[in-house]
Every structure is written in C-alpha cells, then in structure tokens.
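Student: Could you show me how to read a protein–DNA model, one feature at a time?

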Number of protein chains: 2
Amino acid sequence: MNLKQLSDKLGLSQTTVSRALNDYPEVNEATRERVKKAAREHNYQPNIRATGLATGKSKTIGHVIPMNSTEVFNPIFGEFIAGASQAYSRCGYELSLTMAHEDAEESIYREIASKGSVDGIIVHAPRVNDPRISLLQELQLPFVIHGRDSSNETDYSWIDMNNRRAFFRATKLLIDLGHKNICLINGRETLNFAWRRRQGYVDALTADHLDIHPELMYSGDLTEANGYSAAASALANTIKPTAFLVSSYVGALGVRRAIHNAGLEMGSDVSVIIHDDELSYFENDGDIPQFTATRSSVRDAGERAALMLIDLINQPNGAAPLTKLLDAPLVLGASTGPVKK
Amino acid sequence: MNLKQLSDKLGLSQTTVSRALNDYPEVNEATRERVKKAAREHNYQPNIRATGLATGKSKTIGHVIPMNSTEVFNPIFGEFIAGASQAYSRCGYELSLTMAHEDAEESIYREIASKGSVDGIIVHAPRVNDPRISLLQELQLPFVIHGRDSSNETDYSWIDMNNRRAFFRATKLLIDLGHKNICLINGRETLNFAWRRRQGYVDALTADHLDIHPELMYSGDLTEANGYSAAASALANTIKPTAFLVSSYVGALGVRRAIHNAGLEMGSDVSVIIHDDELSYFENDGDIPQFTATRSSVRDAGERAALMLIDLINQPNGAAPLTKLLDAPLVLGASTGPVKK
DNA sequence: ATACCCATCCAAAGCGCTTTAAATTTATTC
DNA sequence: GAATAAATTTAAAGCGCTTTGGATGGGTAT
C-alpha cells in the first residue's frame, strides 16, 4: 500500500493525505481522522526511501564502531547502543551500524557522509589526538562523541564521564586505606578514556607523594584473559601490589581469578576497585556490591547521546555544540579493605 | 555532487554515466574509464535513497534484537553482528539495528516490512513456538534465523549449532567421569537453544539410567550474577552437585565464583563444562583452556547467516530455504576431572 | 448582491537515481 | 556505396514521497 493507492481509495489527493498524516494544519479535522483511520486499517507506512529523497533527511543515525586489529567487540558498544535505540524508537529514527577497521577508517567516514544515508553519527571510542573529529567537522556531518579528545581544542559535541576525577577518587580511597603499591589495569591508553583514567591515578599518587612504578601499570583491551594475565604477572612482580584499580568489570573478573589462583582473598588480602559501566550482563549491585566501583551507566549515556544528536540535527545549522559531563560516584563494595601489614 | 552534475561535467547523459558506474556492458570501455575516473576525483557516491527508490532495493539488512522485560543486552548479539557486518561491507550492504520489546514485537516487524527499509532481516533468539516465523512468512520478507524453532514444521532458513548433541556429549563426558549429580545452569528455556540443550542433558542422563532431579536444573538469563546465585544455591542443596553444565562463559564466571566461595576447587572438587561462543572478550583457549567446553563461534555464525540472507535476497523469488547446522566440538580444558569419592 | 477572506483541497514539480525505448553513430556485408 | 547489423548514447518515464503555487467554495462584511 502506497500513498497513491491510499489516496485513491479515499478519493483524496496525495497532497491532502500526506498532509493529514503529517499533521499539517491546512486539512480539515474530520478529513484527517478519516485518513488516519484508513492508514491504520491498511497498515500504511510511508516508504522511508521516498520520504528521505523528498525531504533530504534519512531519519537514520549512524553508529561507527572502531575495530582494531585485535578484532575485539567490546560489550560496552552493545549496551550503549541499546540505550541509544530507545531514544531512536521514541523519536522515529533508525539506527545504522558500521564496523570500521582502523586502516580504512577515513574512507569509511567519507563514504558515509557522501552517500547521505544518515543524518548524523555517533562516534565511539575516541582516541588521544583523534583525527576523526576534524574529519567530521570538514564533512559537515552532525556528530556526537561518546567520550572526548582532550587534546582537541575545537568545539564539538560530546558526552563523557569524568574519567580523571573518578580514578583520582578511587586511587585516593586506596591510598587512604594504606595501600602504596596500587596496580592500574587499564584499557588501551591510546583511547582517551583510558588516558584520562591514568592521569587520575597518577595525580592521586603524586598528590600523596607516592612513587609511580611503571611496572604497576598495564594497558590493553580489557578482556577477562588480559585482566587475568596482567594481574597474574603483577602479583609475581618484585613490587607486589596490594591493590588493583581495574578499568572494567570484565577485566576485573580476570583479576579476581588471578588473585584466587595466587591463594589470596579479594577484599582482605588484596583490594580491588573497578569502573562499573553497569552492563546488564554484569551487574555489580545489591546491598554490598561485589566490587567497590566508580559507577556510570553506559546505557544511559547512549540514550542521552542519541537525544543530543537528534537535537543537533533538528536545530538550525550552526548550532552550538552540546556537551554533557557525567559524574561517576564511588560506590563501596566488598572488594576493598585496609592494607594488610 | 550528484549524477546530473557529474554527467554535465563529462558532457554525457545521466544514463551513460549511471551505466558506466554500474558496469553495464553497453558502454564503451574508454568512456567507462573516463567516467569512473571523474567519479573518483569528485568523490561521487550515488545517493543511497534515490538508488533505493529506483531499484526497489535498500541494500540494507535489518537485525531485530528481542528485549524482554529484564532489559538484558546479551554480548552474543554484538559478536554475531560483528561477524555479519563483515559480510555486509564486503557485499555492499548496510546494517540496520532495531531493539524489539516483547510486548510490541509483532507491530515492530510489521512496521519494518511495510516501511520497506530493509531487504531482509536476521531474526535473533528464536523461542520455542516462535510466532515470528509465520509472521515473517506472511510478510514475505526474506529472513534467516539464528537458531531454529524445533516446534515449527514449515520451511524457513536458519543457521544453528547442534545444541542437543553438544549438551548430550558434554553430559556424557561428565557421566563417564563418574558424576551423577550434574547441575544444569541454562539460558531461558523459553528460548529454543536452551530448550534443546536441556533435551541433550536429559537424554544423556536417561541413556545412562541416571535420575533427573528438577532441583538441579536452573534456567534464566545467563548473567554472571545469575550464574553465581544458581550455583550457590545448588551447592547449598541437599542433592549436592559435583559437576556443572553451564550454557555460557559469562554464566560460568559466576559459577566459578560460587565454587570458590564454597571453598571448593574447580576441576578437582567440582567439574564444570560450559558452552563457549568464542566471544572476543572471553577467550577460553590456550594450551589448556580454563574451561572444558563445547565450542562454536558465534561471530562465524553471524558472517554465515549474513551471506545466506544475501543469497536468499538475490535469488529469484520462491527460492528454497537455506539451512546450516554447525557442529560444536567438545574441547577439553582444566575444569573437568573424575568425581571425588 | 458584490467583494474579499479563509478554510480546504488539488495538480504538478522535484528529490536523485535506474531503466525502457528510441535515436544516433560506427562497423560489416554484398 | 547502399543496406543491414552492431555498438553507443540519449531522452524520458518512473520509483513514492513532500511541497509549492494555485484552485474551489462557503462565509462574512459591505
């Protein structure tokens, strides 16, 4: 069923039917009701490509997920997108997903822009000194970044949590508990979020005049396996950590395994603080959460980011960039305690 | 830059330019080269909506992810989609993602179909007696299911692993090791895959004339937390299990925690076999994998499913359904051993 | 009754592409 | 060299929608 068929059936012009359905004022209320009823009955849906052609809008938002050579698909992306899609379905947008391998990244973004299949895009996992920002500015495609690029001074829209601050506070807590050898098991530090978390960690140690040991700092894709091997090798180190600061729940599961394997108890022998993105598969709550954590819902961030982008798209051109900084409170769980003498 | 501008610049008709770019035979080779060169230089990309309107194809595949009230986003979906998207980018397709809440499921599928925004869809997480199959058949939209509905006798395209067989073999291995009280920690058994896995488990017990204890069978979203609480309560049971069969790696991480918390050692005190979907965040390999597992790559399944669907779309109508059954070999790891007397 | 105003509704153009039907040019045959 | 066939190219229609620029007609003021 298309517009023509529907309007023929109603004995009206396509113009009137189209206007009735899109709530234009210049159509009689009785007519509008009649049209809407018929549309419902015949299950009429305007062809999205035709609408797109006519309006120049696609009502589609692109999400571009960077893939590096390790080919790891981070569950965080899924959770963020689940949040975003709630906003999309409320606002009548569709979601188009693209995986962009690092080596072809620029051409992928250019192609998306020139193909005109999306009205805007969400940029995931910004790096330190990320070339995508200026590229997208050049391409004139509205975008919102999940995260920031601290090294970029230009104006752009982003939503992020306060990574530096969160890890500063987490480190401070461990220091206050008497820990001196605190091992940081971080995400890839070419990524901006990880870089800022490390800053928070370093700043807190510095503030308390504690030594910074490079051999206590790990960085990489935070898989369970990597969390395990980082923690295992840290525990075998000459400078033996009494506490771990882990950038993700999943990585912390590996850390927990390493701690157990070393015959130690988490919470008493060794303290652990994680950052908890509140992934639905990895809830860390309850009366006493398993892990002490800085906490910030990535699903919520996804929903907010989507709404910001939709705002951006609907604003007249040259709109001021939107930004949102989320706080990640520190939640006490069972995995931290005073250092053992 | 659009077709008209490009052809004006070249002094050719739109027809010829379009044909040159789409490799139609009726255009002079020299002309074709000239056109392609110009297109490259001006970074011309045909407008996808216009192409779609003209051809009636959208070159887009829809993935519809079911969301139930627990709002859990399974990492498996992400991994499957990562695989599928490889096929899409090779074949020039886009990927459109929709989250479908259970209560509005039918209308969402209907809307997708009538809006015509996709050429076909991938159906995730089929249930036992899944109404979506007949719905999609009625809607005449090509589709491939990741999984099957064993209760549906009609012909449709699917890709699945041999769930029953895999869990039969896994159970058999545990029985051979002397285990009698084997606890099944399964996914939601309204989902077909989980239902079939349970069949395999029950069949193996039955084949060896072992008792089937309902209190040794758990079913639910296989999160870490649920895996933990299921295993913890099983271990506190009067019929104390000496082995666990866990439907996912993530769930098994919770089971592992429960085992440790009970002061037991995995592999010696308690055996565990999991199903390993080879999620990139949860590798279970190495010389001796952490867990003994039935193994099947869900990313690979995603890629195959995508190719199947593209085949289906490009075949003349009334094409025979495509099906693919993947085997899930049993891989020995460190988590299994003979029962302790 | 006349002029003017709204409230409604409609015909047709246009979005950027593909494809049919036809025209034009070039090559081949006798 | 005329007739015919083959190779190229083009004009124009059409995909399904929105939107511009009128029509149409009843209501109101004069």
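The dialogue below takes up the DNA strands, the symmetry and the aromatic rings.

Student: What should I know before I begin?

Tutor: This is a predicted model, in which local features need pLDDT of at least 70, side-chain atom pairs count only at pLDDT 80 or more, and totals for chains, interfaces and linings use all residues. Residues are numbered from 1 along each chain as its sequence is written, chains are lettered from A and ligands numbered from 1 in the order in which they are written, and side-chain values use heavy atoms, with hydrogens and water left out.

Student: Which residues are closest to DNA strand C?

Tutor: A residue is near a strand if one of its heavy atoms lies within 4 Å of it. Here 28 residues surround DNA strand C, and the closest are A:Arg19, B:Leu3, B:Ser18, B:Arg19 and B:Tyr24. Of the atoms of DNA strand C that come within 4 Å of the protein, sugar and phosphate make up 59%.

Student: Which polar contacts should I look at on that strand?

Tutor: A polar contact is a pair of N or O atoms within 3.5 Å; within protein, one must be able to donate a hydrogen and the other to accept it, and residues adjacent in sequence count only if both atoms are side-chain atoms. On a base, a nitrogen of DNA strand C is 2.5 Å from an N or O atom in the side chain of A:Arg19. On the phosphates, a backbone N or O atom of A:Ser13 lies 2.9 Å from an oxygen of DNA strand C, and a polar backbone atom of B:Asn47 is 3.1 Å from a phosphate oxygen of that strand.

Student: Which element gives the most to the surface near DNA strand C?

Tutor: Helices (H or I, at least four residues) and strands (E, at least two) are DSSP runs, numbered from the N terminus. It is α4(B) that gives the most to the surface near DNA strand C, with five residues.

Student: And what about DNA strand D?

Tutor: For DNA strand D, 28 residues surround the strand, the closest being A:Leu3, A:Ser18, A:Arg19, A:Tyr24 and B:Arg19. The largest share of the surface near DNA strand D, five residues, comes from α4(A). A polar side-chain atom of A:Asn22 lies 3.0 Å from a phosphate oxygen of DNA strand D, while a polar backbone atom of B:Ala54 is 3.4 Å from a base oxygen.

Student: What rotation superposes chain B on chain A?

Tutor: Copies are superposed by least squares on the C-alpha atoms of residues with pLDDT of at least 70 in both. A rotation of 180° with 0.0 Å of shift along its axis superposes chain B on chain A, with an RMSD of 0.2 Å. That is the relation of a two-fold axis. In chain B, the C-alpha nearest the axis belongs to B:Ser96, 2.2 Å from it.

Student: How do I read an aromatic pair?

Tutor: A pair of aromatic rings is described by the distance of the centres and the angle of the planes. Rings of Phe, Tyr and Trp (its six-membered ring) pair if their centres lie within 6.5 Å; planes under 30 degrees apart count as stacked, over 60 as edge-to-face and the rest as tilted. The count comes to eight aromatic pairs over all chains. A:Tyr281 and A:Phe282 form an edge-to-face pair, 6.5 Å centre to centre with 65° between the planes. B:Tyr249 and B:Phe282 form a tilted pair, at 5.3 Å and 40°.

Student: Are B:Tyr249 and B:Phe282 buried or exposed?

Tutor: Buried means under 20% relative accessible area, exposed over 50%, partly exposed in between (1.4 Å probe, protein chains only). B:Tyr249 is buried at 4%, and B:Phe282 is buried at 1%.
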